[in-house]
There are 2 protein chains.
Amino acid sequence: MSEDEATGDGPVKGLSRRGLLGLIGAGAGGLVVGGVGGAAVGASVASAHAQDGTGTVHPFYGAHQAGIATPVQEHLQFAAFDLADDATRDDLISLLKDWTYASARMTQGLDVSATGAVGGSPQAPPDDTGEALGLAAAALTITFGFGPGLFANPALGLAAQRPPQLQDLPPFVGEQLEAGLCGGDLCIQACADDPQVAFHAVRNLSRIAFGRARIRWSQLGFGRTSKTTADQSTPRNLFGFKDGTANILADDPHALDQHVWASAADGPVWLAGGSYLAVRNIRQRIETWDRVRLVEQEQIIGRDKGEGAPLSGGTEFTALDFGKKDAAGTPAIDVKAHARLAHPEFNGGVRLLRRGYNFVNGNDLTGDLSAGLFFLSYQRTPDRFIRVQRSVAKDLLAEYLVHVGSAIFAIPPGAAQGSYVGAGLFA
Amino acid sequence: MSEDEATGDGPVKGLSRRGLLGLIGAGAGGLVVGGVGGAAVGASVASAHAQDGTGTVHPFYGAHQAGIATPVQEHLQFAAFDLADDATRDDLISLLKDWTYASARMTQGLDVSATGAVGGSPQAPPDDTGEALGLAAAALTITFGFGPGLFANPALGLAAQRPPQLQDLPPFVGEQLEAGLCGGDLCIQACADDPQVAFHAVRNLSRIAFGRARIRWSQLGFGRTSKTTADQSTPRNLFGFKDGTANILADDPHALDQHVWASAADGPVWLAGGSYLAVRNIRQRIETWDRVRLVEQEQIIGRDKGEGAPLSGGTEFTALDFGKKDAAGTPAIDVKAHARLAHPEFNGGVRLLRRGYNFVNGNDLTGDLSAGLFFLSYQRTPDRFIRVQRSVAKDLLAEYLVHVGSAIFAIPPGAAQGSYVGAGLFA
């Protein structure tokens, strides 16, 4: 066995034999296994692909996974994976090691392996697919999660490690879920300031997973709808309103500890320092919304459209005054306004760390654009998301939304250098 | 009738009554027609949405439409439209005037009308959908085209203006076209350095078209695969190869005149200064490609993967030497290599101005990413594209591609200030 073999409990030094098989495709007959294996893992030349400058580079290893409290990037490629029917516990471990190895490289602006897109044997398929050659790291983060199905799979022996709260999300009023857009054993969230860099990451991780896991559903997101640093401008969703004004900021460790990071007291020890990711694929009825009067749009949201200020007065960052009424006794902020029913004051103090993206998936047969919000939120426990979602499912905005996809993932803490994402699960 | 009514042959001063109806939705019953009509068109306050600086701004009016020889932007939102079954010639004229009015504003970083997203009556739906508020113009260009169906429609009286070459593209070897991804009476190509700005443009133009035309198909593109200025780096397609090395450059007026701009001698006088746009939705079999040995990938393309240099030697911009052979008499560039069969030398000197974009539309049921190249090329006459496509349909690369969408559009010249795109068609 090569010193770089990454199965078992040894440190991660390269791609596993199965990962290398993925790169050439088990279906291709494995004619060049020896060649690519030796060349890909043994080479010592680092092949950075960032010729135009590296841009922002986020460390991959750390106490928490990057891509959660990291300042939110402009673009997203997300994918949920199902584990292969015959996958074993060792397959899962080797996959996580391979994904860690490749992600630690790609997030630094490097190719997926040391030989990369063009440095290997010309008689083998390249390890890296090459479309990010010459592109900067572009602030790429890659974040991994585990779905409920992983713990229910007897072949994996993880039943005892299952966080009690990691269950498929309950039904919510008005949703119209499509099975093909829900669930997944594993997830990868790739965020970057260049969509080609984010796409490249998911594509190469999918390739490495060949024979062990395959994509169940995926989504490209093009416009962040969150604000996670004080100096980021608040972006707008496809209803034209600012979104994320009251989001948790990346530089607010107190709020992160209180609302986002799972603690050992919350559930399994292996998840401490991790989080839970709730995913909702929300189709927005934009053509219908666009016919709503401005005053009514603002009533539905509870803020004005231009500035994003609460209807109770002030500017964007003024606190909402739910008690304010006009002379006739009508509340300035409607009792069913989105900003009110999503507010911590009406949800037991719960705050979600949101990281959503706008999307458009072509159009439907009537000519309406199939556009919406790919909602991602991180919270310390799933019940926090459920509480808020139950509340907003009955707000004035809900009439203009259709939730078609849903998933929940446990997000392990960050990997220590030399270890791999999720290692604590197998300790 | 308002002075801003844009039907008939008068100058374009604002949105037509039908365009304003589109903004509120004819289906909504028109309760507030008077309100929005008066407020939207009569207001004199310009509402620029570019609060963060305007970025690059391209002029909308000119001899040629912007978005052809314009330095290619990073993002694309494309849409093909079908005219409503009951649309009249006046409807088409008013639609083109409305689209011109709105596009001339949006490309300058302004809202779609003077009252825009938040400046109108609170009792009316806003004219602008608002998601670009605060965003820069981002080099937005909006380019319009006319499909063959427009000239075959007896209600429009355009049969005599039909360019003889404007016919649906002929069948090509190996294509698997889907009707829902082909054709269209009209097209809009919105390119920008911010995808939300490009999306905003198409969304608002679709809204204005309500009742007169509706989207037939659409596509978001995220990575340019063309190079149109000498200082732009050559981007890579999803096969990991540089794409567009030999493209026509925006600052090469001789090549543009020779290969791109239609002349009065080519066909109808109204099209002089315009062009023809060929559109191909090309699904790439990326997972299969990724299993091909590097040497074979390079043989298929005819260039090396890292540098993009011809296999006949040199660097990226070295001319291809098709006569070069090795000692055994094997051509350095395979006779069926893509670079050879796409080369002007084997296509009667024809060069296409390409403006393609990478895309990903989720994944298929087997877990493969539904990714590919949204190919856009501009040429002086359609037969030039057909000649090149017939050639490359039989190259080594074709095995890894599936053409699923196809369309051809006549691209009118640019509009003069005070006139509208396509005015020459109705003269």
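With which residues is A:Asp290 in contact, leaving aside its neighbours within four places in sequence? In this predicted model, the contacts of A:Asp290 beyond that sequence window are with B:Pro125, B:Thr129 and B:Arg207. A:Asp290 is situated in the loop between helix H7 (286-289) and H8 of chain A. The residue is classed as buried, because 26 other C-beta atoms lie within 10 Å, against a threshold of 20 or more. Within chain A, A:Asp290 and A:Gly240 are 50 residues apart in sequence, and their C-alpha atoms are 9.4 Å apart in space.

The contact between the two chains was then examined as a whole. On the side of chain A, 51 residues are in contact with 51 residues of chain B. Four elements of chain A give two or more residues to the side that touches chain B: helix H5 (195-208), strand S4 (213-221), helix H8 (294-301) and strand S8 (357-363). Of these, S4(A) gives the most, with six residues. By residue class, the side of chain A that touches chain B divides into 22 nonpolar, 19 polar and ten charged residues.

The relation between the copies was also determined. Two copies of a chain are related by a rotation about an axis and a shift along it. Here, a turn of 180° and a shift of 0.0 Å along the axis lay chain A on chain B with an RMSD of 0.0 Å. This relation is that of a two-fold axis. A:Asn361 is the residue of chain A that comes closest to the rotation axis, its C-alpha lying at 3.4 Å. Because 100% of the interface residues of chain A are also interface residues in chain B, the copies meet through the same surface.

Turning to the interior, the largest nonpolar core has 242 residues. Those with the most contacts inside this core are A:Leu140, A:Ala198, B:Leu140 and B:Ala198. In chain B, both domain 1 (1-141 + 184-221) and domain 2 (170-182 + 222-414) give residues to the core, which therefore lies between them. For A:Ala198, the contacts beyond four places in sequence are with A:His75, A:Leu76, A:Gln77, A:Leu140, A:Ala190, A:Cys191 and A:Ala192. One of these partners, A:Leu140, is itself among the core residues with the most contacts.

Two helices of chain A were considered for their burial. Helix H1 (residues 17-24) is mostly covered, with seven of its eight residues buried. The buried residues of H1(A) are A:Arg18, A:Gly19, A:Leu20, A:Leu21, A:Gly22, A:Leu23 and A:Ile24. Helix H3 (residues 89-106) of chain A comprises 18 residues and reaches 26 Å from its first C-alpha to its last, close to the 26 Å expected at 1.5 Å a residue. Since 15 of the 18 residues of H3(A) are buried, this helix is largely enclosed by the rest of the structure. A:Thr100 has its place in helix H3 of chain A and is buried, with 23 other C-beta atoms within 10 Å. Between the C-alpha atoms of A:Thr100 and A:Phe322, which are 222 residues apart along the chain, the separation is 47 Å.

Backbone geometry calls for comment in the loop between helix H3 (89-106) and strand S2 (141-146) of chain B, where B:Ala138 is found. B:Ala138 has a positive phi of about 55° although it is not a glycine. With 26 C-beta neighbours inside 10 Å, B:Ala138 counts as buried. B:Ala139 also has its place in the loop between H3 and S2 of chain B. The phi of B:Ala139 is positive, at about 60°, and this residue is likewise not a glycine. B:Ala139 is buried, with 25 other C-beta atoms within 10 Å.

Finally, B:Pro382 lies in helix H10 (residues 382-392) of chain B. B:Pro382 has 22 other C-beta atoms within 10 Å and is therefore buried. Not counting residues up to four places away in sequence, B:Pro382 touches B:Gln165, B:Leu166, B:Tyr276, B:Ala278 and B:Ile408. The C-alpha atoms of B:Pro382 and B:Ala213 are separated by 25 Å, the two residues being 169 residues apart along the chain.

Terms used. Residues numbered from 1 in each chain as written. Chains lettered and ligands numbered in written order. Predicted model: local features only at pLDDT ≥ 70, side-chain atom pairs only at ≥ 80, totals over all residues. Buried ≥ 20, exposed ≤ 12 C-beta atoms within 10 Å, placed from the backbone. Contact = placed C-beta atoms within 7 Å. Nonpolar A, V, L, I, M, F, W, Y, C, P; charged D, E, K, R; others polar. Least-squares fit on C-alpha atoms with pLDDT ≥ 70 in both. Core = buried A, V, L, I, M, F, W, Y, C linked by C-beta atoms within 7 Å. Domains from an automatic or database assignment. Expected span 1.5 Å × (residues − 1).
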